[in-house]
Amino acid sequence: MAVVNDSRVFEGAVGVFIDGVYRTRSGQALSSFLDMDGLQVLRGPQGTLFGKNAVGGAIQYVTRPPGEEFGARVNVNTGSYSRRDTTLAVDLPLTDTLKTKVTAASLYRDGFVDSLSVNRAWGDINDDILRADVLWEPNDRFSARLIAERSEVDRWGPARVLLSMGDPVY
């Protein structure tokens, strides 16, 4: 009997949805919550509501829609390993029926497990994210929302350390 300890085995058992759109890379989708309005965790199976990719359940992440008035939100986080996360969200209503929002984020953290083979540390984060959101509501019965996102993800991978090895089996 083989024991598999790899998170990729369970990739896809729980569907991850951001604003109703399925994300194939659930780990990357859940790594940064930007301008969040709500989070729903639904235990599975959720195949009837969310399709075949939600056998083990679903995580529904909802972003904040564009605001009615001009405004901006800034969020700065600092922490261990030179963590510097900065998020800026600006609501730009163009008319009473057309509202827009721009969200930009820079997420940075040094790695915390030094590599023995290369001059870099595992577990680092160096991500840049830009999101544009347009909401059009011409009347009370119709609304359309368009979200475009561009992300640059630069990570050296998750930090994993081998603690021990058992006897070899031949």
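Of the contacts in this protein chain with a separation of 6 or more, 51% are between residues 24 or more positions apart. I should say at once that the model is predicted. The chain has 170 residues, and 25% of them count as buried. Its accessible surface comes to about 12100 Å², with 54% of that belonging to carbon and sulfur atoms.

Let me turn to the secondary structure. The chain contains 2 helices and 11 strands. Along the sequence, the pattern reads β-β-α-β-α-β-β-β-β-β-β-β-β. I shall describe two sheets, and then the salt bridges.

The sheet of 4 strands is open, with the order β2-β1-β4-β3 and mixed pairing. Which strands stand at its edges? They are β2, residues 21–23, and β3; each has a single partner strand, so one side of each is left without a neighbour in the sheet. Neighbouring strands of this sheet are turned against each other by 25 degrees on average, direction ignored. Within the sheet, β1, residues 14–18, and β4, residues 57–63, run parallel and are joined by 5 bridges. As a landmark for that pairing, V16 is found opposite I59 in β4.

The sheet of 5 strands is also open; its order is β5-β6-β7-β10-β11, and the pairing is antiparallel. Here the edge positions belong to β5 and to β11, residues 142–154; each of these has a single partner strand, and therefore one side of each is left without a neighbour in the sheet. From one strand to the next, the twist averages 10 degrees.

I will go across this sheet pair by pair. Strand β5, residues 71–79, pairs with strand β6, residues 83–93, over 9 bridges in the antiparallel sense, and R73 faces A89 of β6 across that pairing. These two strands form a hairpin with 3 residues between them, in which Y81 takes a positive phi near 60 degrees.

Next, β6 is joined by 10 bridges to β7, residues 98–109, and the two run antiparallel. This is again a hairpin, with 4 residues between the strands. In this pairing, L92 stands opposite T100 of β7.

Strand β7 then pairs over 12 bridges with β10, residues 125–139, in the antiparallel sense; Y108 and N126 of β10 are opposite one another. Finally, β10 and β11 run antiparallel and are joined by 12 bridges, with W136 opposite A144 of β11. As a reminder for reading the figure, side chains in a regular strand alternate between the two faces of the sheet.

I come now to the charged side chains. In general, side chains of opposite charge can pair when their charged atoms come close. How many salt bridges does a search of the whole structure find? The search finds 13, and I shall take three of them.

One salt bridge is between the side chains of R23 and E149, at 3.9 Å from N to O. R23 is in strand β2 and E149 in strand β11, so that distant parts of the chain, 126 residues apart, are linked. Both partners are partly exposed: R23 has a relative accessible area of 29%, and E149 has 33%.

E149 has a further partner in R131, where the closest N and O atoms are 2.9 Å apart. R131 lies in strand β10 and E149 in strand β11, so this pair ties together parts that are 18 residues apart in sequence. Is R131 buried or exposed? R131 is buried, with a relative accessible area of 5%.

A further salt bridge joins the side chains of R73 and D35, at 3.0 Å from N to O. R73 is in strand β5, whereas D35 is in the loop between α1 and β3, 38 residues apart. R73 is partly exposed at 25% relative accessible area, while D35 is buried at 11%. Through shared partners, salt bridges join D35, R64, R73, D91 and K101 into one network.

My last point concerns the surface. F33, M36, L39 and V41 make a nonpolar surface patch of about 370 Å². Where does F33 lie? F33 is in the loop between α1, residues 26–29, and β3, residues 36–43. With 40% relative accessibility, F33 counts as partly exposed. The loop between α1 and β3 thus holds F33 of the nonpolar patch and also D35, the salt-bridge partner of R73.

Terms used. Residues are numbered from 1 along each chain as its sequence is written. This is a predicted model: local features need pLDDT of at least 70, side-chain atom pairs count only at pLDDT 80 or more; totals for chains, interfaces and linings use all residues. Side-chain values use heavy atoms; hydrogens and water are left out. Patches are made of residues with over 30% relative accessible area and no salt bridge: like charges are joined within 9 Å, nonpolar side chains (Val, Leu, Ile, Met, Phe, Trp, Tyr) within 5 Å. Accessible areas come from the Shrake-Rupley method with a 1.4 Å probe; for residues, only the protein chains shown count as cover. A salt bridge is a side-chain nitrogen of Lys or Arg within 4 Å of a carboxyl oxygen of Asp or Glu. Buried means under 20% relative accessible area, exposed over 50%, partly exposed in between (1.4 Å probe, protein chains only). Two strands pair if DSSP finds at least two bridges between them. Axes are lines fitted to C-alpha atoms, for helices over the stretch in contact, and angles run from 0 to 180 degrees between N-to-C directions. Contact means heavy atoms within 4.5 Å.
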